[in-house]
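Colleague: Could you take me through one part of this model close up, and then show me how other parts are put together? I'm new to this, so plain words please.

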Amino acid sequence: MALTTLTALTALAQPLPEAISSALLRAQVPADSVSLILVDADGLSQPRLSHRAEVLANPASVMKLLTTTAALDLLGPAYTWRTPVWVDGKVQNGTLYGNLVIAGRGDPALTVEKLWLLLRRVQGLGIVRIHGDIVLDGSAFAQAPTQPGDFDGEPLRPYNATPEALLINFKAVTLTLVPDLANKVARIHIEPPLHGVRLPTQAPLATNLQAPCNDYRAALQADFSDPARILLKGRYPASCGEKSWPMAYADPASYTARALQGMWLALGGQLTGAVRLGHAPATPPTLQAISPTLAEVLRDINKFSNNVMTQQLFLTLAREAAPTEPASFEAARAVLQQWWARRIGTGAAPVLDNGAGLSRQERISAQGLARLLQLAYASPFMPELMASLPVVGLDGTLKRSRAPLASAHLKTGSLRDVLALAGYVHGNNGRQLVLVAVINHPNANAARPAMDAVVDWAGTEANRLAAALPTR
């Protein structure tokens with residue numbers, strides 16, 4: 001049943017406040033490219049402002065609010081993912097005569113640190129050598145219908161990683177570069193260690209400490225064309241100091257196998273066979289790795305707008321709805337649409353793709369997002385959702401915002417031609433408003449000052465209302 005306490009939101013296009021319209025004019029963004037709504041979080045009054053709020057628009061990463069709110073409602077904030085492991089054979093004198101089997105169940109937070117702990121637990125069973133294979137079962141998710149470069153032709157950008165049931169470290173590698181001035185080189189370390197991948201342990205150093213750091217990545221002239229060999233043909237500027245360079249691996253299909261074997265060997269383990277795909281036994285697992293709770297995972301998803309973690313969560317909703325079927329985007333879209341119809345009900349339904357907003361197809365109205373946020377505000381999981389949103393001027397994707405400090409918890413979104421934000425604006429005396437603003441226009445990226453003006457105006461409005469009405 002749809003939330004009955006929500007007041008119907010008007011679809012009228014009200015005039016924009018002068019501070020906002022002036023900022024949009026400077027960015028050369030017309031008002032008819034903007035959707036904006038400001039309404040009480042408790043849904044007990046008409047919108048304070050509604051401008052083209054009923055129009056379906058591309059929200060970019062603000063779409064994560066739908067996936068994460070539905071997940072809190074359907075799974076609960078204490079939900080965890082479990083990655084089962086089987087010791088499939090006999091262990092004698094430090095050797096497993098058989099296979100080590102690991103089955104992915106969609107954990108979005110199986111990082112290098114968590115994998116290291118998992119493999120140490122395996123060694124704690126007395127296993128140093130595996131006289132057999134490491135078998136990976138990823139059948140819980142259907143194969144992703146996209147490749148990392150499909151969205152924008154940038155396959156090495158970490159945000160383009162595609163989901164899979166056994167997702168390790170977001171399929172990313174991190175190069176850490178540390179200047180060694182005495183030897184005029186930069187020392188290089190890769191994490192996780194990828195089996196069979198050659199990487200130089202050092203690069204020549206540009207030793208002028210007075211020179212600006214600028215773009216050290218371009219200065220290194222990295223060549224990733226051969227997935228088995230990373231080349232650095234340039235120099236590393238000493239003035240940059242220590243830097244960490246995260247990137248997606250050039251051959252994502254082999255990443256999980258390379259990372260698992262590389263880490264097993266780095267821990268002193270031995271393997272006579274190979275890392276290969278297969279199926280888990282029907283018996284109970286020997287041990288399990290348990291993820292952080294959903295409430296903790298949401299902080300990474302929303303504060304830092306992690307696309308692949310959101311897609312893992314999106315697919316998890318499908319898997320929980322049909323545990324015996326490989327979870328697919330199509331099934332996840334159906335789950336979200338059914339949830340929307342049941343919990344939000346009226347108005348245009350959102351258009352879903354991958355649930356993360358990294359899409360040119362996804363659409364939702366500002367009005368629909370406002371209803372979603374009002375639903376969350378009235379729910380028992382409101383604290384978990386709000387805590388997952390970036391705080392203006394303090395953290396996450398809003399750390400550099402010039403809007404009034406800590407005046408709001410807002411999810412941001414940006415793509416080429418898209419800029420959006422949605423969340424809660426905090427007024428005095430506990431006054432809470434829901435704010436949604438979406439721009440779809442070729443000059444959207446130039447309208448960031450206009451978005452700051454939106455937040456500033458909404459905060460002023462929240463305080464004005466708090467002063468004019470009795471404290472609730």
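Modeller: Let's start at the hairpin of strand 4 and strand 5, where two residues sit between the strands and Asn93 takes a positive phi near 50 degrees. Keep in mind that this is a predicted model, so every value here is computed from predicted atoms. On either side of that turn, strand 4 (residues 82-92) and strand 5 run antiparallel, joined by eight bridges. If you want one pair to look for, find Trp86, which stands opposite Val101 in strand 5.

Stay with strand 5 for a moment, as strand 4 is not the end of its story. Strand 5 also pairs with strand 6 (residues 129-131), this time in the parallel sense and over three bridges. Here the pair to look for is Leu96, opposite Ile130 in strand 6. How many of the nine residues of strand 5 are buried? Eight of them are, so strand 5 (residues 95-103) is largely enclosed by the rest of the structure.

Now for some sheets. One is an open sheet of five strands, in the order 13-10-9-8-14, and its pairing is mixed. Its edges are strand 13 (236-237) and strand 14 (243-248); each has a single partner strand, so one side of each is left without a neighbour in the sheet. The partner of strand 13 is easy to find: strand 10 (residues 202-206) pairs with strand 13 in the parallel sense over two bridges. Within that pairing, Ala206 has Pro237 in strand 13 as its bridge partner.

Another open sheet is also built from five strands, ordered 2-1-21-20-19, and here the pairing is antiparallel. Strand 2 (49-51) and strand 19 (408-415) stand at its edges with a single partner strand each, so again one side of each has no neighbour in the sheet. On average, neighbouring strands of this sheet are turned by 10 degrees against each other, ignoring direction. At the strand 19 edge, eight bridges join strand 19 to strand 20 (residues 418-426), and the two run antiparallel. His409 and its bridge partner Tyr424 in strand 20 are one pair to pick out.

That leaves the helices. Two packed helices are described by the angle between their axes and the distance between the axes. Take helix 6 (residues 294-303) and helix 7 (residues 307-321): they pack at an angle of about 140 degrees, with their axes 9 Å apart. That angle makes helix 6 oblique to helix 7, and helix 6 passes helix 7 in a left-handed crossing. From helix 6, Leu294, Val297, Leu298, Asp300 and Ile301 meet Met309, Thr310 and Leu313 of helix 7. Sorted by class, the residues of this contact are six nonpolar, one polar and one charged.

Which way does helix 8 lie against helix 9, roughly parallel or roughly perpendicular? Helix 8 (residues 329-343) packs against helix 9 (residues 366-377) at an angle of about 75 degrees, with axes 12 Å apart. That makes helix 8 roughly perpendicular to helix 9. On the helix 8 side, Trp339, Trp340 and Arg343 take part, meeting Gly368, Leu372 and Leu375 in helix 9. By class, this contact has four nonpolar residues, one polar and one charged.

Technical notes. Residues numbered from 1 in each chain as written. Predicted model: local features only at pLDDT ≥ 70, side-chain atom pairs only at ≥ 80, totals over all residues. Heavy atoms only, no water. Axes fitted to C-alpha atoms, helices over the stretch in contact; angles between N-to-C directions. Helix = DSSP H or I, 4+ residues; strand = E, 2+ residues; numbered from the N terminus. Parallel < 35°, antiparallel > 145°, perpendicular 65-115°, else oblique. Left-handed = near helix turned anticlockwise from the far one by under 90°. Contact = heavy atoms within 4.5 Å. Nonpolar A, V, L, I, M, F, W, Y, C, P; charged D, E, K, R; others polar. Buried < 20%, exposed > 50% of the residue type's maximum accessible area, 1.4 Å probe, protein only. Pairing = 2+ DSSP bridges.
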